[in-house]
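Biologist: I'm new to this one, so could you walk me through it with a few questions and answers?

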Amino acid sequence: MANFVEILIRGVMLGSLYALVGMGLTLVWGVVGIVNIAHGEFVMLGAYLAFWSFSLLHLNPLFSVILAIPIFFLAGMTIHKRITERLTKAPELSALILTFGMSILIWNLAQFFWTNTYRSVPYLTGNFPFWGLVFAKSKTVSFFLALGITAALFVFLKYSKLGKGIRATSQNSEVALVCGINTIKMRAVTFGMGIALAGAAGAIVSLQWVIFPQMGTTYVSKAFAIVVLGGLGNIQGALAGGLIIGVLESLVTQYWSAKMAQIIPSMTILIILLFRPTGLFKK
């Protein structure tokens, strides 16, 4: 039983990071109306930001997580203003093709400049015991970082004036515009927030796993599974979906094999689309 509880807790820790990636994707979809296929590449760039900050500037990787938020937020706003804003009223296929091309461009540039060498951030190695259970330091710290960022996001969206404007734009952009809300600004801020969440998640990923240019593909597939599971545009659903995917992967890895755990996102998408296309938590 102690081993089973430990596996569940590890799954929740893993799922909190997946949820962070998924919330960025579903937030952009819910407000901007764009499915950003390049979302995983910004996770990769966030991981490289933490790695190079640690390697070249000897910056604490925990600080890199905080640093990634404003950097990627500004980058996301710039991308939206210059590129994706004009696609908000275009057919969905246009945005899919553009972000797919952006994805290929980013990881090819990363491969060109940083090669395919696997890199890692040697920080917070080792384990610590807790009530007879053993947890990796890196995974525990990553969990609390992801939890803190998630809590800050929910508080911001619920109580801040800007957050209320974002929610109003998500519910009905035309009515929000009539009420005096700058919906163009709300979409730009939301796109920046989605990219910032991806960048922060990538910096957290660097604390646990190896970094390489094609790693974004893994995380965007998990993010799509989370979004489909929780319902497109549903932030709470993305949080629940991330935790579910994390726990499932942890259980399958322990009781079956790590290779089989990698098909969990694909199987989740298939099952949900077959039996509940709107997601488990979508009204």
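What follows is a short chat about one helix, a pair of strands, a glycine and some salt bridges in this predicted model.

Biologist: Let's start with helix H3: what distance does H3 reach from its first C-alpha to its last?

Modeller: H3 covers residues 61-82, which gives 22 residues. At 1.5 Å a residue you'd expect 32 Å. The model comes close to that, with a reach of 31 Å.

Biologist: And at which residue does H3 bend?

Modeller: Look for the proline here, Pro70. It follows within four residues of the bend, which is about 30°. The residue at the bend is Leu67.

Biologist: Which residue caps the N-terminal end of H3?

Modeller: Check the backbone nitrogen of Leu62. A side-chain oxygen lies 2.8 Å from that nitrogen. The residue that brings this oxygen, and so caps the helix, is Asn60.

Biologist: Ser64 sits in H3 too. Is Ser64 buried or exposed?

Modeller: Leaving out residues up to four places away in sequence, Ser64 touches Leu49, Ala50, Ser53, Leu59 and Ala203. Its relative accessibility is 0%, and buried means under 20%, so Ser64 counts as buried.

Biologist: Moving on to the strands, in which sense do S1 and S2 pair?

Modeller: S1 takes in residues 127-130, and S2 takes in residues 133-136. Phe128 stands opposite Phe135 in S2. Four bridges join the two strands, and the sense is antiparallel.

Biologist: Which residues make up the covered face of S2?

Modeller: S2 has two faces, one covered and one uncovered. Val134 and Ala136 are on the uncovered face. That leaves the covered one to Leu133 and Phe135.

Biologist: Now for Gly233: what separates its C-alpha atom from that of Gly30?

Modeller: Gly233 lies in the loop between helix H9 and helix H10. Leaving aside neighbours within four places in sequence, Gly233 is in contact with Thr26, Trp29 and Gly30. Gly233 and Gly30 are 203 residues apart along the chain, yet their C-alpha atoms are separated by 3.8 Å.

Biologist: How many salt bridges does a search of the whole structure find?

Modeller: One of them joins Arg10 and Glu6. Another is formed by Glu85 with Arg187, and Glu249 meets Lys222 in a salt bridge as well. The search of the whole structure gives three.

Biologist: Take Arg10 and Glu6: which of the two is buried?

Modeller: Both lie in helix H1, four residues apart, about one turn of the helix. Residues three or four places apart in an α-helix point the same way, because there are 3.6 residues a turn. Arg10, at 36% relative accessibility, counts as partly exposed. With a relative accessible area of 13%, the buried one is Glu6.

Biologist: How many residues apart are Glu85 and Arg187?

Modeller: In this salt bridge the closest N and O atoms are 2.9 Å apart. The pair links distant parts of the chain, with Glu85 in the loop between H3 and helix H4 and Arg187 in helix H8. Both are buried. Along the chain, they are 102 residues apart.

Biologist: Last one: which helices hold Glu249 and Lys222?

Modeller: Their side chains meet at 2.6 Å, N to O. The pair ties together parts that are 27 residues apart in sequence, because Glu249 lies in helix H10 and Lys222 in helix H9.

Conventions: Residues numbered from 1 in each chain as written. Predicted model: local features only at pLDDT ≥ 70, side-chain atom pairs only at ≥ 80, totals over all residues. Heavy atoms only, no water. Expected span 1.5 Å × (residues − 1). Bend = angle between axes of the 7 residues up to and from the residue. Polar contact = N/O pair within 3.5 Å; in protein donor to acceptor, adjacent residues only side chain to side chain. Buried < 20%, exposed > 50% of the residue type's maximum accessible area, 1.4 Å probe, protein only. Contact = heavy atoms within 4.5 Å. Pairing = 2+ DSSP bridges. Salt bridge = Lys/Arg side-chain N within 4 Å of Asp/Glu carboxyl O.
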